[in-house]
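The following note sets out a number of points for a colleague who is beginning to read protein models. Please keep the structure in view while going through them.

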Amino acid sequence: MIDKISKGLSLSKQKEQTVLEITPSEEESTKLLRLKRGSWENAKEPWLVYDEKQKLHALLSIDTLSKMIEHFKKAEQEALFLKLEKSILQHLPLDFNDVLTVAMEEMNKSKKKDIDFNKLIKKIKKDHPNLFLDIKDLYLPEGASIISATTR
């Protein structure tokens, strides 16, 4: 099982992997950690720990855990920005950055954590129609269609 997890975590040298086992002790409130493989001085993370039921756990330093949380937050923000960007572009903005600025202001005003970007952009389009292209406002010669005008 450790070999399978090590490959998934791309741990290069499994011999260097620190593996611990939790064992019972005479005192009810105390458990012992026994080194099964690796070294106590090994700084490579994660350390793998088997509990008494042979369930495998990972032991990380607070620094590593903090970095992981920061990376997750950054990835979440990037994903939200991409969703917002997609919603803005679907509504044909005249100036993307202007619409983005208004959207960010609206999001900051809102107390909601889960925002429907399509509804937000529709509201902005309704409140600020000058920020978006309206196909009805395009001048086309009589008898011409939008499809034939865009394919020329």
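1. Strands S3 and S4. In this predicted model, strand S3, covering residues 47-50, runs antiparallel to strand S4, covering residues 56-59, and four bridges join the two. One position to locate is Trp-47, which stands opposite Leu-59 in S4. The hairpin of S3 and S4 has five residues between the strands, and Gln-54 in this hairpin takes a positive phi near 65 degrees.

2. Lys-55. Is this residue of the loop buried or exposed? Lys-55 has its place in the loop between S3 and S4. Lys-55 counts as exposed because its relative accessible area is 51% and the term requires a value over 50%. Leaving aside residues up to four places away in sequence, Lys-55 touches Val-49 and Tyr-50. Along the chain, Lys-55 and Glu-21 are 34 residues apart, and their C-alpha atoms are separated by 10.0 Å.

3. Strands S1 and S2. A hairpin is also formed by S1 and S2, with six residues between them. Strand S1 (residues 19-24) and strand S2 (residues 31-37) are antiparallel and are joined by six bridges. Among the residues involved, Leu-20 has Leu-35 in S2 as its bridge partner.

4. The overall order of elements. The protein has five helices and four strands. Read from the N terminus, the elements follow the order α-β-β-β-β-α-α-α-α. Of the contacts with a separation of 6 or more, 42% are between residues 24 or more positions apart.

5. Burial and surface. The protein has 152 residues, of which 22% are buried. It exposes about 12200 Å², and carbon and sulfur atoms supply 56% of that area.

6. Ser-87. This residue is found in helix H2. Ser-87 is classed as buried because its relative accessible area is 6%, and the cut-off for the term is under 20%. Which residues does Ser-87 touch, not counting those up to four places away in sequence? They are Phe-117, Asn-118 and Ile-121.

7. The largest pocket. This pocket holds about 380 Å³ of space. It is lined by 14 residues, and those closest to its centre are Leu-80, Met-107, Lys-113, Ile-115 and Phe-117. Helix H2 (62-90) and helix H3 (96-109) are the elements that give two or more residues to the lining. H2 gives the most, with six residues. Sorted by class, the lining of the largest pocket comprises seven nonpolar, one polar and six charged residues.

8. The second largest pocket. Here the space comes to about 240 Å³. Its lining consists of Glu-106, Ser-110, Lys-112, Asp-114, Ile-115, Asp-116, Lys-119, Leu-120 and Lys-123. Which helix supplies the largest share of this lining? Helix H4, residues 117-127, does so with three residues. By class, the lining of the second largest pocket has six charged, two nonpolar and one polar residues. Ile-115 appears in this lining, and Ile-115 is also one of the residues closest to the centre of the largest pocket.

Definitions and conventions:
Residues numbered from 1 in each chain as written. Predicted model: local features only at pLDDT ≥ 70, side-chain atom pairs only at ≥ 80, totals over all residues. Heavy atoms only, no water. Buried < 20%, exposed > 50% of the residue type's maximum accessible area, 1.4 Å probe, protein only. Contact = heavy atoms within 4.5 Å. Areas by Shrake-Rupley, 256 points an atom, 1.4 Å probe, with all protein chains shown as cover. Pairing = 2+ DSSP bridges. 1 Å grid on protein atoms, 1.4 Å probe; cavity = no way out; pocket = protein on both sides within 12 Å on 5 of 7 lines; lining within 4 Å. Points joined across faces, edges and corners; volume = space filled by probe spheres on them. Nonpolar A, V, L, I, M, F, W, Y, C, P; charged D, E, K, R; others polar.
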